[in-house]
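Please open the model in your viewer and keep the selection panel at hand. The tour goes from one selection to the next.

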Amino acid sequence: MIIYLERQAQEYEQTKKILSVYKHADIILIDHYKNVFDKTGFNNQKERSIIIAKLTSPSILEAPKNYGHNNEHAYFFKTSLNCVYDCEYCFLK
């Protein structure tokens with residue numbers, strides 16, 4: 001197993017708990033997950049990986065007015081942060 005760990009997320013208690021569970025994982029320190037997992041830079045490995053990163057933007061965004069709904073308030077959720085699906089083609093699984 002490989003753990004990609006953002007430098008800014010190293011000192012979180014949750015990070016330490018995860019690392020204690022996966023003691024034998026290879027840990028690769030990175031500056032930002034997007035620099036590693038963008039379309040051109042991602043290495044399509046078959047080995048399971050975990051990304052530990054700091055959330056720096058909102059995970060819920062308000063949709064534009066009247067965006068497919070009659071409601072005054074609609075929201076977009078960034079499902080890729082913790083995707084519940086296990087798509088064969090996706091590197092986020």
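Which residues form a nonpolar patch on the surface? This is a predicted model. Select Met1, Val21 and Tyr22: these residues make up the patch, and together they have about 270 Å² of accessible area. Within this group, Tyr22 sits in the loop between H1 and E2. Tyr22 counts as partly exposed because its relative accessibility is 35%, which falls between the 20% and 50% limits.

**Into the core**

Keep Met1 shown and add Ala25. Neighbours within four places in sequence aside, Ala25 has contacts with Met1 and Ile3. Ala25 and Ile3 also belong to the largest nonpolar core. To see that core in full, select Ile3, Leu5, Ala9, Ala25 and Ile52, five residues in total.

**Salt bridges**

Next, turn to the charged side chains. Side chains of opposite charge can pair when their charged atoms come close. How many salt bridges does a search of the whole structure find? The search finds three.

Select Asp31 and Arg7. Their side chains meet in a salt bridge, at 2.9 Å from N to O. This pair links distant parts of the chain, with the two positions 24 residues apart in numbering: Asp31 is in the loop between strand E2 (26–30) and helix H2 (33–36), and Arg7 is in the loop between strand E1 (2–6) and helix H1 (13–21). Is Asp31 buried or exposed? Asp31 counts as exposed, because its relative accessibility is 56%. Its partner Arg7, at 42%, counts as partly exposed.

Now select Glu11, Glu13 and Lys16, which are linked in a network of salt bridges. Start with Glu11 and Lys16, whose side chains meet at 3.7 Å, N to O. Then show Glu13 and Lys16: the closest N and O atoms of this salt bridge are 3.9 Å apart. Where do Glu13 and Lys16 lie? Both are in helix H1, three residues apart, or about one turn of the helix.

To finish, colour the network by accessibility:

- Glu11 has 61% relative accessibility and so counts as exposed.
- Glu13 has 53% and also counts as exposed.
- Lys16 has 39% and counts as partly exposed.

Definitions and conventions. Residues numbered from 1 in each chain as written. Predicted model: local features only at pLDDT ≥ 70, side-chain atom pairs only at ≥ 80, totals over all residues. Heavy atoms only, no water. Core = buried A, V, L, I, M, F, W, Y, C linked by side-chain atoms within 4.5 Å. Buried < 20%, exposed > 50% of the residue type's maximum accessible area, 1.4 Å probe, protein only. Contact = heavy atoms within 4.5 Å. Salt bridge = Lys/Arg side-chain N within 4 Å of Asp/Glu carboxyl O. Helix = DSSP H or I, 4+ residues; strand = E, 2+ residues; numbered from the N terminus. Patch = residues over 30% accessible without salt bridge, like charges linked within 9 Å, V, L, I, M, F, W, Y side chains within 5 Å. Areas by Shrake-Rupley, 256 points an atom, 1.4 Å probe, with all protein chains shown as cover.
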